[in-house]
Every structure is written in C-alpha cells, then in structure tokens.
Amino acid sequence: VRDALHRVTGRATDRLSMHDQAEVAQLQDLGTDDDLLRSVFVAGRTIAVSSDAAWHRVGRLTRKVSRFQRFTGQRDERLPLADGVVAHDGEAVLARDARPTQDAALVLRAAAAAAQASLPLSPHTVSRLATECPPLSYPWPDEAREALVSLLGAGTGAVAVWEALDQAGIIERLLPHWDVIRAAPQRNALHIFTVDRHSLECAVQAANLTRNVSRPDLLLVGALFHDIGKARGDDHCGKGAILMQQIAPQLGFDAADTEMLTSMVKHHLLIAESATRRDLDDPTTIASVAESVGSHELLDLLHNLT
C-alpha cells in the first residue's frame, strides 16, 4: 500500500489521505477505498498482536529466576483461574485435564478468566481453542453468556485477550453478524477506532459504570453491539435494532431482555442528540424522549451507554 501511495502521489509520503485512497485501492486491486482501509487495519492489527505476543515471550524467557525458584521449580506452578484454566508463567493456559473438544464454553471461560486476571492467553492456548472447541449451541448456555459478560466486565484487561481471539478468527465465529463490522473504517471525526474496536472500547469503558445500573450485563452487551448496524448503509440504529432481535436470543437472553437490548441499540443516539440538538426545556422534547424510552431502567442504561 505504501508503494502504491508513492506511485499515486509521486512523493515519498506515509500519509494515506482520503483523496488518494480510491486511486491506491484501484492500483492494488482492492475494490473500494473502504476495502483498502479495512485491509490496512487488518494488517496493522496482525502486526501489533504478533509483536505483543513475541515481546511478551522474550520477556518471559529473559526474566531472571532466583536460585530459590530454580531449586523449588516455582516457575512451573499452576494456579487455578477457572474450570479448565490456570495461570502459568505469566500467561493463562489450559489445565492439563481440560477437554476443549467436549467443552464449547471453554473458549469464553478461558478468555474471561485471563482478562479478569489481567493475563494474556498463551498463543498455544488460543490455537487449541480455535481448532478444538465446538460451536456453541443455540441458544447459548447460561455459562457462555455469563463468561462473555465477565470478559467485557474485566475492563481494559479484556482488550489484549479479545484481540488474540480476533486474530484466530474466534470472535467472528462466536458473535453473529460481527464479520461485517470487523476492521470496518469509520469516516467520522468523532471516531478514532474501526467499528469493531470502537464497540469493544465502548464496552470496556462501560465496565466502569456497571454499578450505576440494575442490569450490568445488559449495559455491557448493549455497549458491545450498539453499532452492529454499521457498515451496512444508512440508518445504522434501525438496522442494528433488527439484528439485535436475532442476536440477543442466540446469546441466551429471554424475550424481555431481548426487547431491552434492541431498544438500547435503536435509541443509543437519542440522549446525545436530544442534549445537543433540542431545547431541553421544551415539553415536547421531554415528552418525545419519555415516549421513546418508556421506562426508568432503559433510561438508566441509555444514560450510561451515552
């Protein structure tokens, strides 16, 4: 892409400006300029995750070990984190008796345990989870849904674990309709992340606000999927709400929770737009928002999501 950019601009520049993107994409046979950006984002993400994993391993291999640790073998100690998951030498790994082929929820349980402990999943563990874990049932068992919530609730500890799963193709297999927003660019000055990473970061930030709502699980999952309708044309709120009606039952949420999550996705811009574009003293504004929201519970969820 950099070589193509130099050929298009005639200069040794490293900045892929918007007005050059379409021509660079054409030169690279990458389709549209959005396809070009997506390919660059995927490549950059692959390099970042691979680099982090490599340097983490370098740190492990070069870490000084005390004479006591050498004598006692303390570095080989395995501390339980969750069923089938242990901490070993600074990483979350599968326990010796773990059976990924017989435990579909293990992938989410391992991810949640690693994130909650602020540990990376070992590359070997990620590879095993990707190749050996069977697909989750429809709907998800409670254990899997609770593990997803726990993963998101870990806050910043979830990011590195999520990226490792994403690189292995696990996230796309787990989450319905996620493939469309993966590495999708956002041409909006307010957004600095791709759609999928923006969604994850939103859930990570929401983890700091779970004490403000009666249903922390709905806040975290709603935050993760609030932009699921993007990269599909206009009206991403409406399209996202339609998708959420399918996604929530698959994750194991009941009808009432599905309706709440669908409303969160549909109205996730309501409070921000009302606060910045409407007269808040106008009774019409108040009545309109109240009618759209309909309950204190949804209002609290939307407030914290906003």
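How many salt bridges does the structure hold? The structure holds 22 salt bridges. The model described here is a predicted one, and this report treats its charged pairs, its sheet, a pair of packed helices and two individual residues in turn.

**Salt bridges**

Side chains of opposite charge can pair when their charged atoms come close. Three of the salt bridges are listed below.

| Pair | Closest N to O distance |
|---|---|
| Glu 163 and Arg 45 | 3.7 Å |
| Arg 45 and Asp 166 | 3.4 Å |
| Asp 103 and Arg 109 | 2.4 Å |

Arg 45 takes part in a salt bridge with Glu 163 and in another with Asp 166. The salt bridge between Glu 163 and Arg 45 has one end in helix α8 (residues 157-167), where Glu 163 lies, and the other in helix α3, which holds Arg 45, so this pair ties together parts that are 118 residues apart in sequence. The salt bridge of Arg 45 with Asp 166 likewise links distant parts of the chain, with Arg 45 in helix α3 and Asp 166 in helix α8, 121 residues apart.

Are Glu 163 and Arg 45 buried or exposed? Both Glu 163 and Arg 45 are buried. Because its relative accessible area is 11%, under the limit of 20%, Arg 45 counts as buried. Asp 166 is buried as well, with a relative accessible area of 3%. Salt bridges with shared partners join Arg 45, Glu 163, Asp 166, Glu 172, Arg 182, Asp 196, Arg 197 and Glu 201 into one network.

The side chains of Asp 103 and Arg 109 also meet in a salt bridge. In that pair, Arg 109 is buried, at a relative accessible area of 10%.

**The sheet**

Strands of a sheet pair through backbone hydrogen bonds, either parallel or antiparallel. In this model, three strands form an open sheet in the order β1-β2-β3, and their pairing is antiparallel. The edges are taken by β1 (78-82) and β3 (91-94); each has a single partner strand, so one side of each is left without a neighbour in the sheet. On average, and with direction ignored, neighbouring strands of this sheet are turned by 40 degrees against each other.

Strand β2 (residues 85-88) pairs with β3 in the antiparallel sense over four bridges. Which residue in β3 is the bridge partner of Val 86? That partner is Val 93.

**Two packed helices**

Two packed helices are described by the angle between their axes and the distance between the axes. The axes of helix α11 (residues 195-206) and helix α12 (residues 216-225) come within 7 Å and cross at roughly 160 degrees. Because angles over 145 degrees count as roughly antiparallel, α11 and α12 are roughly antiparallel to each other. Their crossing is right-handed. On the α11 side, the contact is made by Ser 199, Leu 200, Cys 202, Ala 203 and Ala 206, and on the α12 side by Leu 219, Leu 220, Ala 223 and Leu 224.

**Two individual residues**

Trp 55 is found in helix α3 (residues 33-62). Trp 55 is exposed, with a relative accessible area of 62%. From C-alpha to C-alpha, Trp 55 and Arg 78 are 22 Å apart in space, and 23 residues separate their places in sequence.

Thr 285 belongs to helix α16 (residues 283-293). Thr 285 counts as buried, at 3% relative accessibility. Leaving aside neighbours within four places in sequence, Thr 285 is in contact with Arg 278 and Asp 279.

Conventions. Residues numbered from 1 in each chain as written. Predicted model: local features only at pLDDT ≥ 70, side-chain atom pairs only at ≥ 80, totals over all residues. Heavy atoms only, no water. Helix = DSSP H or I, 4+ residues; strand = E, 2+ residues; numbered from the N terminus. Buried < 20%, exposed > 50% of the residue type's maximum accessible area, 1.4 Å probe, protein only. Pairing = 2+ DSSP bridges. Axes fitted to C-alpha atoms, helices over the stretch in contact; angles between N-to-C directions. Salt bridge = Lys/Arg side-chain N within 4 Å of Asp/Glu carboxyl O. Parallel < 35°, antiparallel > 145°, perpendicular 65-115°, else oblique. Left-handed = near helix turned anticlockwise from the far one by under 90°. Contact = heavy atoms within 4.5 Å.
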